[in-house]
Amino acid sequence: MANPSLLILAGDGIGPEVMAEVKKIIGWFGDKRGIHFDVSEDLVGGCAYDQHGTPLHDKTMARAMEVDAVLLGAVGGPKYDNLDFSVKPERGLLRLRKEMDLFSNLRPAQCFDALADFSSLKKDIIAGLDIMIVRELTSGVYFGEPRGIFPDNEGGRVGINTQRYTTDEIRRVARSAFELARRRNYKVCSMEKANVMESGILWREEVQWVHDNEYPDVELSHMYADNGAMQLVRWPKQFDVIVTDNLFGDVLSDCAAMLTGSLGMLPSASLGAPDTNGRPKALYEPVHGSAPDIAGTGKANPIACILSFAMALRYSFDLGDEATRVEKAIEKVLADGARTADLMGKDGGTPISTTEMGDTIIAALDASL
Ligand code: NAD
């Protein structure tokens, strides 16, 4: 059988630096576990613009559609700030998400015990936290028509955006959340504003329909999104999988992610519909950007990108045990005190570099065998 295929788009700024550490881990899986990937690499973002005059070449887009999973570093940087909107680095990423139809955005909020002090919440509220927010990514108020800024009848202006969801759009992201829950703790909480929005009523009814007809084995609850925001900071461990729309998901996933501390620790996955091979179209990327302020200094924390690869192992390649192996290795190095500069606490100490963090994780993987 052919090896699973990966397209690596390291991008700009610290993207290539953190991705170099992921490549070491991919190599480790080939050498030590006999798990091989067909890896190809290409450009996205500012570096693609420099080379081709576009942030994503058509050939790169075509390759992304063919492979089993795409791993992306980060895009953007001050050099590209004044480019026309149509060729800004972020457009490359948006094109990937749109053409791959990645409607389900997975943002885990997981707290490694060694970093519990980094949270703005008390340690007992956060220690051991492991929740997953599933955000609908391709519809809702960010895309709905009509939209725009128009003159009103009184000589002023009116700004309009439209929250719009169809049955199919809600059902497919709900399925994605229920499938995830079956790999975790069989618990989904759906969040909307059914008290004040018709689209929220439809959301609630359709999620309930998918539950009753297809996933009765999973526990489903509903919560208004404003209450959800409060509950996330009051007692986040009450949740397992949260499913919500594009707008609420944008806010709630950032809120949940920050419960755990540093931007350098946060992975994400965006999934589409399953291909003929049963694998969903998939893009894995750290939540952080290209961090131009530290690019080239060896200070970047590679863990978010490595955890994104672990998500690929779990969700694209059905290698959940190997994903856990990577996560445990990271937990071990953090517990042993390894810290990149962004993870230095008040007590001081000497930070290690991006490459040293990668090497330390490889050593922990070796020790796991
Ligand atoms: P950023 O995430 O790049 O950086 C915010 C802060 O966090 C910076 O101080 C940075 O040094 C730090 N940081 C981020 N990742 C880190 C890591 N792995 N290790 C250590 N420290 C880390 O956000 P920004 O500064 O607002 O944006 C910089 C550029 O990145 C902009 O061009 C922006 O458009 C782009 N961006 C891209 C993405 C993406 O590619 N998905 C996401 C956000 C921002």
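Strand β11, residues 267-274, is mostly covered, with six of its eight residues buried. The model is predicted. β11 pairs with β4 and with β12. Strand β10 is covered on both faces and pairs with β5 and β8. A ligand has 21 residues around it, and the protein buries 67% of the area that the ligand exposes when taken alone.

**Strand β11 and its partners**

- β4 and β11 run antiparallel and are joined by three bridges.
- Within that pairing, Ser104 stands opposite Leu271 of β11.
- On β12, residues 280-286, the pairing with β11 is also antiparallel and spans six bridges.
- Ala269 has Tyr284 of β12 as its bridge partner.
- β11 and β12 make a hairpin, with five residues between the two strands.
- Gly278 sits in the turn of this hairpin and has a positive phi of about 90 degrees.

**Strand β10 and its partners**

- β10 covers residues 241-244.
- Val241 and Val243 lie on one side of β10, Ile242 and Thr244 on the other, and all are buried.
- Strand β5, residues 130-136, runs parallel to β10 and is joined to it by four bridges.
- Strand β8, residues 187-192, also pairs with β10 in the parallel sense, over four bridges.
- Val243 is the bridge partner of Val134.
- Val243 is likewise the bridge partner of Ser190.

**Ser253 in helix α9**

- Ser253 belongs to helix α9, which spans residues 246-258.
- Ser253 counts as buried because its relative accessibility is 1%, and the cut-off for buried is under 20%.
- A polar atom of the Ser253 side chain lies 3.5 Å from the backbone oxygen of Asp250.
- Setting aside residues up to four places away in sequence, Ser253 touches Arg107 and Ile133.
- Arg107 falls within the range of β4, residues 104-110, and Ile133 within that of β5, residues 130-136.

**Leu121 in a loop**

- Leu121 is placed in the loop between β4 (104-110) and α5 (123-126).
- Leaving out neighbours within four places in sequence, the contacts of Leu121 are Ile126, Val233 and Leu259.
- Leu121 and Leu252 are 131 residues apart along the chain, and their C-alpha atoms are separated by 16 Å.
- Leu252 falls within the range of helix α9, residues 246-258.

**The ligand site**

- Of the 21 residues around the ligand, the nearest are Glu90, Gly289, Ala291, Asp293 and Asn301.
- By class, this shell has ten nonpolar, seven polar and four charged residues.
- Val75 places a backbone N or O atom 2.9 Å from an oxygen atom of the ligand.
- Ser290 also has a backbone N or O atom by a ligand oxygen, at 3.1 Å.
- Asp293 uses its side chain: a polar atom there lies 2.8 Å from an oxygen atom of the ligand.
- Taken alone, the ligand exposes 810 Å², of which the protein buries 67%.

How values were computed: Residues numbered from 1 in each chain as written. Predicted model: local features only at pLDDT ≥ 70, side-chain atom pairs only at ≥ 80, totals over all residues. Heavy atoms only, no water. Contact = heavy atoms within 4.5 Å. Buried < 20%, exposed > 50% of the residue type's maximum accessible area, 1.4 Å probe, protein only. Pairing = 2+ DSSP bridges. Near = heavy atom within 4 Å. Polar contact = N/O pair within 3.5 Å; in protein donor to acceptor, adjacent residues only side chain to side chain. Areas by Shrake-Rupley, 256 points an atom, 1.4 Å probe, with all protein chains shown as cover. Nonpolar A, V, L, I, M, F, W, Y, C, P; charged D, E, K, R; others polar.
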